[in-house]
Amino acid sequence: MQHFKHALDKLKAQDRLRRLPDLPQEGRYIVSDGLKLLNLSSNDYLGLAHDEVLRHEFLAGDACRELPWSSSSSRLLTGGFPIYQELETLLAARYQREAALLFNSGYHANIGILPALADKETLILADKLVHASLIDGIRLSDADYLRYRHNDYAQLERLLEQRAANYRCIIIVTESLFSMDGDTADLPYLVRLKKRYGHVLLYVDEAHAVGAYGETGLGLAEMQGCMADIDILTGTFGKALASVGAFAVCSALMKDYLTNHMRTLIFSTALPPVNVAWTHFIFQQIPKMKARRNRLAALSRRLREAVAAHYPSPMPAAANSHIIPCILGSNEAAAKQAQVWQQQGYYCLPIRPPTVPKGSARVRLSLTADISDDELDGFIHTLNKTAA
């Protein structure tokens, strides 16, 4: 057991030791150590998680009274309630795809889909900065894999030219909005690139973009006009949609294949039906929330401009989202800066390796649409006074 203690001591010495916090929440505020702090680390991008009007409307309906609070089974056994199919039908219709499939979380989706699809005759080409769940899914698969430099499509193109003939299937894997740098992929370019080959699939994780982008809130693929050309598009409900779980939209053939081969789907108890009903309810509202998306974009522009005066942006041309990193380099500097801002009334967190590359520790600022102008002004004033 002593080696476990040594490992934890090493993390502590590197300013990388994690602990589970106990954080009561009051709307967009968090109570930490007796202090009420504006939450600048939330994924509740549209500010829906504490929207009492939506909550009361849902609770007044029949679904929350009639549906069980547990599925008690895998969907392939006795957990196949009609509400799952209703949500999948809605998702497929909105994305104009043949099918959709629900998962318990984005992590379940990403560690399950790739091992189900990829075998020893498959090559996976993944962006260097994709989420840990995608990396784990790649490692769990039988496929060969290479990780191209972040958003370096020239390198990706060379890898395809060099290796395409050696594999039965190639899967390009990327996020649309990268969760730590706040920059975005050029999805139309990736679509054009994969269309040069008859055996290349494009897998796009829209976890941080669903709800926050697009005319009707479907994400960056909608905004960039290429939803129909992405073979597997995944998204989560636990961020902008203020619920739980995840989904993929794809072809009917792909859905049937995943249903029969995806271990995290087959061997997991399904989400509680009442939660799926809440997701269905929220997803119906998302097209009508353009004002919230515009509000989020406006707040984000203001904060990015303020941050740019003090911290270099990792990708100036593409870092245009509500996720705004303040890169400090060392773990100690990131932890110290986050603590300074917490002491000033703002709940900001340090992000350190292995979540981000070594030497790029940062404070990650994440905005929500319900932050007021005065609240953002207050933080920008604090930022200007206390930035490292």
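Author: A residue is called buried here when its relative accessible area is under 20%, and the model to which this is applied is a predicted one.

Reader: With that cut-off in hand, which residues of β5 are buried on one side and which on the other?

Author: As a general point, in a regular strand the side chains alternate between the two faces of the sheet. β5 is mostly covered, with 6 of its 6 residues buried. Both faces of β5 are covered, and the two sets of buried residues are T122, I124 and A126 on one side and L123, L125 and D127 on the other.

Reader: What is the relative accessible area of T122?

Author: T122 has its place in strand β5, and its surroundings can be listed by contact. Leaving out residues up to four places away in sequence, T122 touches L117, A143, D144, Y167, C169 and I171. Because buried means under 20% relative accessible area, T122 counts as buried, its own value being 1%.

Reader: Which residue makes a side-chain polar contact with T122, and at what distance?

Author: A polar contact requires a pair of N or O atoms within 3.5 Å. The side chains of T122 and D119 meet this condition, being joined by a polar contact of 3.0 Å. The residue and the distance are therefore D119 and 3.0 Å.

Reader: Which residue of β7 stands opposite T122?

Author: In general, strands of a sheet pair through backbone hydrogen bonds, either parallel or antiparallel. β5 and β7 pair in the parallel sense, over 5 bridges. Within β7, the residue opposite T122 is C169.

Reader: On the β6 side, what are the bridge partners of A126 and D127?

Author: β5 and β6 likewise pair in the parallel sense, over 5 bridges. For A126 the partner in β6 is R147, and for D127 the partner in β6 is Y148.

Reader: Which strands stand at the edges of the 7-stranded sheet?

Author: The sheet is open, has mixed pairing and follows the order β4-β10-β9-β8-β7-β5-β6. Each edge strand has a single partner, so one side of each is left without a neighbour in the sheet; these strands are β4 (99–103) and β6. From one strand to the next, the twist averages 20°. The edge strands asked for are thus β4 and β6.

Reader: What angle does the direction of α7 make with that of β6?

Author: Helix α7 (residues 153–163) holds the buried residues Y153, Q155, L156, E157, L159 and L160. What covers these residues includes β5, β6, β7, α8 (187–194) and β8. α7 packs on the sheet by touching β5, β6, β7 and β8, and its direction makes with that of β6 an angle of about 155°.

Reader: At the start of α7, which backbone nitrogen does a side-chain oxygen of D152 reach?

Author: The atoms of a polar contact lie within 3.5 Å of one another. Here the side-chain oxygen of D152 comes to within 3.3 Å of a backbone nitrogen, that of A154.

Reader: Which elements are included in what covers the buried residues of α6?

Author: In helix α6 (residues 132–140), the buried residues are S133, L134, I135, G137 and I138. Their cover includes one helix and several strands, namely α5, β5, β6, β7 and β8.

Reader: At roughly what angle do the axes of α5 and α10 cross?

Author: I113, A116 and L117 in α5 (residues 106–117) meet M254, Y257, L258 and H261 in α10 (residues 252–261). These contact residues divide into 6 nonpolar, 1 polar and no charged. The two helices are described as roughly perpendicular to each other, since the range for that word is 65 to 115 degrees. Their axes come within 10 Å and cross at roughly 100°.

Reader: In the 3-stranded sheet, which residue of β14 stands opposite I323?

Author: This open sheet has the order β11-β14-β13 with antiparallel pairing, and its neighbouring strands are turned by 35° against each other on average, direction ignored. Helix α14 (residues 331–343) lies across β11, β13 and β14 and runs at about 35° to β14. β11 and β14 are joined by 6 bridges, and the residue opposite I323 is S366.

Notes: Residues are numbered from 1 along each chain as its sequence is written. This is a predicted model: local features need pLDDT of at least 70, side-chain atom pairs count only at pLDDT 80 or more; totals for chains, interfaces and linings use all residues. Side-chain values use heavy atoms; hydrogens and water are left out. Axes are lines fitted to C-alpha atoms, for helices over the stretch in contact, and angles run from 0 to 180 degrees between N-to-C directions. Helices (H or I, at least four residues) and strands (E, at least two) are DSSP runs, numbered from the N terminus. Angles under 35 degrees count as roughly parallel, over 145 as roughly antiparallel, 65 to 115 as roughly perpendicular and the rest as oblique. Contact means heavy atoms within 4.5 Å. Ala, Val, Leu, Ile, Met, Phe, Trp, Tyr, Cys and Pro count as nonpolar, Asp, Glu, Lys and Arg as charged, and the others, Gly among them, as polar. Buried means under 20% relative accessible area, exposed over 50%, partly exposed in between (1.4 Å probe, protein chains only). A polar contact is a pair of N or O atoms within 3.5 Å; within protein, one must be able to donate a hydrogen and the other to accept it, and residues adjacent in sequence count only if both atoms are side-chain atoms. Two strands pair if DSSP finds at least two bridges between them.
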